[in-house]
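Me: I have some questions about a protein model. Please keep the answers short and give the reasoning.

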Amino acid sequence: MPEVHLIVVWSKGASENDRIITDAKEKFQILEEYHIKWSEKKFSENLSRFYGESLPRNSRKEKHCGNGTFLCLVVLDKAPVYEVRQTSKGDKVVNTNLFDVKQLYRRWTHGGHKVHATDNATETKHQLALLLNKSYTDYLQVDKFNGERIDIESDLQGTNGWKSLKEVFSVLNKAANYLVLRNYENIETQLDALHPDIDTLCDDPHLFVRLINGKPTTRKKYRVQYSVSIGSKVVFFDVRYVGDNYYCSKWGRELLMKRAEFANMFVPDSEHYFYTLIYHALLHKPNLSDDYFKKLVQLASDLELDVNGPDFLENNLINRLTSYMDKNSYDYTVPLDHTVFWNYKLLPFMDSQNFSLMRKIAYEKYKVKFIVKKVLKKIGCYI
């Protein structure tokens with residue numbers, strides 16, 4: 001099956017641009033030819049996000065590649081071949097057609113890393129989204145592209161903040177396996193809150209953060225909160241991921257596998273939404289709040305479940321949840337993020353004695369915080 005790939009010649013390899021373009025035309029179909037200029041001030045940040053590395057300003061790599069206008073060819077490889085090749089990151093299975101021309105072009109540009117080429121289609125998707133906000137699948141419609149030259153002066157998507165939430169999801173949808181866990185129905189309204197936050201789940205948190213250009217809000221390694229500039233607001237993303245025990249790994253994988261589209265984002269399908277919300281409302285919170293109670297009643301009605309008032313009592317909900325989890329072979333798991341509350345008292349079969357001291361302290365602190373928040377909200381002092 002044909003694949004789309006990128007060939008990038010950084011500015012210090014530009015003397016060989018014409019030779020590389022001529023050779024690439026013989027081996028691939030050139031769909032588009034970009035000449036791209038990043039701002040000098042943001043070049044190192046762009047380079048870090050593009051490669052998925054942490055590079056300081058004026059790093060050796062930046063000096064070696066050059067920070068001027070660079071060439072980017074979007075090419076179609078009609079007969080990809082995959083084999084193991086030795087790379088700077090060890091032995092990897094790569095598209096040898098692209099890997100081998102990358103080595104050739106690097107020799108032409110006198111060694112080093114002045115030429116980049118994507119190793120596989122997944123890498124192409126990530127870099128296309130960041131570089132051009134283009135969809136990989138669009139390029140498979142080859143009749144739409146004729147190899148024209150396009151000159152652009154623009155940093156990576158989101159480097160200077162985002163115009164809107166829609167713009168953020170436009171990039172995520174092209175490159176990330178993710179979903180918004182809850183409260184997506186009125187997500188734009190939430191941006192008007194004093195501290196707007198969005199809860200997400202993904203299978204690759206490093207890629208997700210790289211795509212949204214998220215900045216960590218703390219140095220604590222177990223925290224997964226990142227700030228993102230959207231319009232005139234700072235929005236917080238909690239980036240949950242498969243393997244962090246927010247939900248068990250099997251459930252997390254199935255949530256992503258069965259995700260649904262809603263407006264311009266991905267969300268859980270209806271059944272998963274109902275049960276993940278029960279889990280969150282009962283186990284990640286000290287008490288079932290009125291807001292979650294109302295939401296669960298509405299979701300049960302939408303799913304046409306045979307439930308009534310008493311079924312929404314806390315004990316009955318936990319029994320329903322346990323039956324559902326047993327049926328699907330899901331496990332109750334204590335979140336690795338200590339700031340996520342864990343209501344172990346609802347689960348007598350879990351031995352709280354095995355919890356870490358940090359988890360127990362977090363439990364007591366969260367209970368106090370929850371009570372204070374509830375009192376302030378009741379007297380109208382909490383937004």
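Me: Which residues in helix 9 are buried?
Reply: This is a predicted model. Helix 9 covers residues 205–212 and is mostly covered, with seven of its eight residues buried. Buried here means under 20% relative accessible area. The residues that meet this in helix 9 are Pro-205, Leu-207, Phe-208, Val-209, Arg-210, Leu-211 and Ile-212.

Me: Which residue follows helix 9, and what is the sign of its phi?
Reply: Helix 9 runs over residues 205–212. The residue that follows helix 9 is Asn-213, and its phi, near 60°, is positive.

Me: Which strands stand at the edges of the open sheet 8-9-12-11-10, and why does each have a side without a neighbour?
Reply: Five strands make up this open sheet, with mixed pairing, in the order 8-9-12-11-10. An edge strand has a single partner strand, so one of its sides has no neighbour in the sheet. The strands in that position are strand 8 (178–180) and strand 10 (215–216).

Me: Which residue in strand 11 stands opposite Pro-216?
Reply: Strand 10 pairs with strand 11, residues 225–230, in the antiparallel sense over two bridges. Strand 10 spans 215–216. Opposite Pro-216, in strand 11, stands Tyr-226.

Me: How many disulfides does a search of the whole structure find?
Reply: A disulfide needs two cysteine sulfur atoms within 2.5 Å. The sulfur of Cys-65 has its closest cysteine sulfur in Cys-72, 14 Å away, so the two are too far apart for a bond. Cys-202 is in no disulfide either, as the nearest cysteine sulfur, that of Cys-248, is 16 Å away. Over the whole structure, the number of disulfides found is zero.

Me: Is Cys-202 buried or exposed?
Reply: The cut-off for buried is under 20% relative accessible area. Cys-65, at 0% relative accessibility, counts as buried. Cys-202 has a relative accessible area of 1%, so Cys-202 is buried.

Me: What percentage of the residues in the protein chain are buried?
Reply: The protein chain has 14 helices and 14 strands, and its C-alpha trace spans about 75 × 40 × 40 Å along the principal axes. Its accessible surface comes to about 19,500 Å². Of the 383 residues, the buried share is 49%.

Me: How many Å apart are the mean positions of the positive and negative charges?
Reply: The protein chain carries 55 positive and 49 negative charges. Taking the mean position of each set, the distance between the two is 7 Å.

Key. Residues numbered from 1 in each chain as written. Predicted model: local features only at pLDDT ≥ 70, side-chain atom pairs only at ≥ 80, totals over all residues. Heavy atoms only, no water. Buried < 20%, exposed > 50% of the residue type's maximum accessible area, 1.4 Å probe, protein only. Helix = DSSP H or I, 4+ residues; strand = E, 2+ residues; numbered from the N terminus. Areas by Shrake-Rupley, 256 points an atom, 1.4 Å probe, with all protein chains shown as cover. Lys, Arg positive; Asp, Glu negative; His and termini not counted. Charge placed at Lys NZ, Arg CZ, Asp CG, Glu CD. Pairing = 2+ DSSP bridges.
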